[in-house]
Amino acid sequence: MAQLIDGKAIAAAIREEIKEEVTKIEAAVGKVPGLATVLVGNRTDSTTYVRMKRKACEEVGIESFHTELPESVSEEELLSCVERLNSDPAVHGILVQLPLPKHINEEKILSAISIEKDVDGFHPVNIGRLAMKSRTPRFVPCTPRGCIELLDRSNVAIEGKCAVVLGRSNIVGLPVSLLLLHRNATVTICHSKTKDLPAVCRQGDILIAAVGRANMVKRDWIKPGAVVIDVGINSVPDSSKKSGYRLVGDVDFDDCKDVCSMITPVPGGTGPMTIAMLLRNCCDGAKEAFGLA
């Protein structure tokens, strides 16, 4: 059976490291990093995600600022909120929880966030720098950064390996592909138009699945001994659970666990790492602002 890559344990270790850094920052300048979250509407999932992020801030000593706006908020009002946070020196990271209501242009809002506070890493300039050789983005998107951190802390060599990324989203697929490329992997990006998808995936020494389709990847998709990072979080019916459902990844864990050498579980894999990397980005932004970087 494959070795589990315990994202929960790795994220906990990273949070402890950040907690120590925050203590040192406060000792040096008398201030702590600050993260501002903006929640539009009352989506249950978004509310849960924001609550988890605020709780994580509290655990490591990062100050949390929170703004809730109604579903009907205008684009101009939301932009005004972002501009206010851009100019607040106590705020070192701004996170506008996605998705936004359909009447608001997400790209316009994300582009309005100061690049110095773009801890989600979605500003076009940050993504543009990530896409270029010899350029360094101010921030790297949290989930992709977490994927690379999982590989590094599990002592998985990236350089020279064939890496297959299943999915091409702006949030995970594209940026994680670029990060792997920067680490000298040979990268293949798969998508809905890829021919003979299982055969292409089987080429990967490293397979990162990020398509949002429950249990899509089967054992014959995986190269024996490959390292599998499963970014998918999907709910499937399960009458044995009080909630009536359980969470599974894009990879059929039970079918694949004895083919690969290492694999992330769902839940408990990349999910905890996303929040840990958000805290890391916020801490890095504060050190830059305080002249401690």
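User: How many salt bridges does a search of the whole structure find?

Analyst: Quick heads-up: this is a predicted model, where local features need pLDDT of at least 70, side-chain atom pairs count only at pLDDT 80 or more, and totals for chains, interfaces and linings use all residues. Residues are numbered from 1 along each chain as its sequence is written, and side-chain values use heavy atoms, leaving out hydrogens and water. A salt bridge here is a side-chain nitrogen of Lys or Arg within 4 Å of a carboxyl oxygen of Asp or Glu. Searching the whole structure that way, the number of salt bridges comes to 16.

User: How many residues apart are E21 and R280?

Analyst: The side chains of E21 and R280 meet in a salt bridge, 2.8 Å from N to O. E21 sits in helix 1 and R280 in helix 10, so this pair links distant parts of the chain (helices are DSSP runs of H or I, at least four residues, and strands are runs of E, at least two, numbered from the N terminus). Their separation is 259 residues.

User: Are E21 and R280 buried or exposed?

Analyst: Let's set the cut-offs: buried means under 20% relative accessible area, exposed means over 50%, and partly exposed is in between, using a 1.4 Å probe and protein chains only. By that rule, E21 and R280 are both buried.

User: Which parts does the salt bridge between D252 and K218 tie together, and how far apart in sequence are they?

Analyst: The side chains of D252 and K218 meet at 2.9 Å, N to O. D252 is in the loop between strand 10 (245-248) and helix 9 (253-256), while K218 is in the loop between strand 7 and strand 8, so the parts tied together are apart in sequence by 34 residues.

User: What is the relative accessible area of K218?

Analyst: Its partner D252 has a relative accessible area of 16%, so D252 is buried. K218 counts as partly exposed, because its relative accessible area is 31%.

User: Which residues are joined into one network by salt bridges that share partners?

Analyst: Side chains of opposite charge can pair when their charged atoms come close. One salt bridge joins the side chains of R246 and D238 at 3.2 Å, N to O. Salt bridges that share partners make one network out of E21, R145, R280, D284 and K287.

User: Why is helix 6 said to be largely enclosed by the rest of the structure?

Analyst: What covers its buried residues includes helix 1 (7-29), helix 7 (173-182), strand 7 (206-209), strand 8 (227-230) and helix 10 (270-289). Among those buried residues are C142, G146 and L150. Helix 6 is largely enclosed because its buried residues number 9 of the 12.

User: What distance separates the end C-alpha atoms of helix 6?

Analyst: The expected span of a helix is 1.5 Å times one less than its number of residues. For the 12 residues of helix 6 (residues 142-153) that gives 16 Å, which agrees with the distance between the end C-alpha atoms, 16 Å.

User: Which residue's side chain does T37 join in a polar contact?

Analyst: T37 lies in strand 2 (residues 34-40) and counts as buried, because its relative accessibility is 1%. A polar contact is a pair of N or O atoms within 3.5 Å; within protein, one must be able to donate a hydrogen and the other to accept it, and residues adjacent in sequence count only if both atoms are side-chain atoms. Here the two side chains are joined at 2.8 Å, and the partner of T37 is H66.

User: Which residue does a cis peptide bond join to L98?

Analyst: Most residues other than glycine have a negative phi, and most peptide bonds are trans. The bond after L98 is cis, with omega about 5 degrees. The partner lies in the loop between strand 4 (93-96) and helix 4 (106-112), and the residue joined to L98 is P99.

User: What is the relative accessible area of S134?

Analyst: S134 has a positive phi, near 60 degrees, though it isn't glycine. Its place is in the loop between helix 5 (124-130) and helix 6. S134 counts as exposed, because its relative accessible area is 73%.

Notes. Contact means heavy atoms within 4.5 Å.
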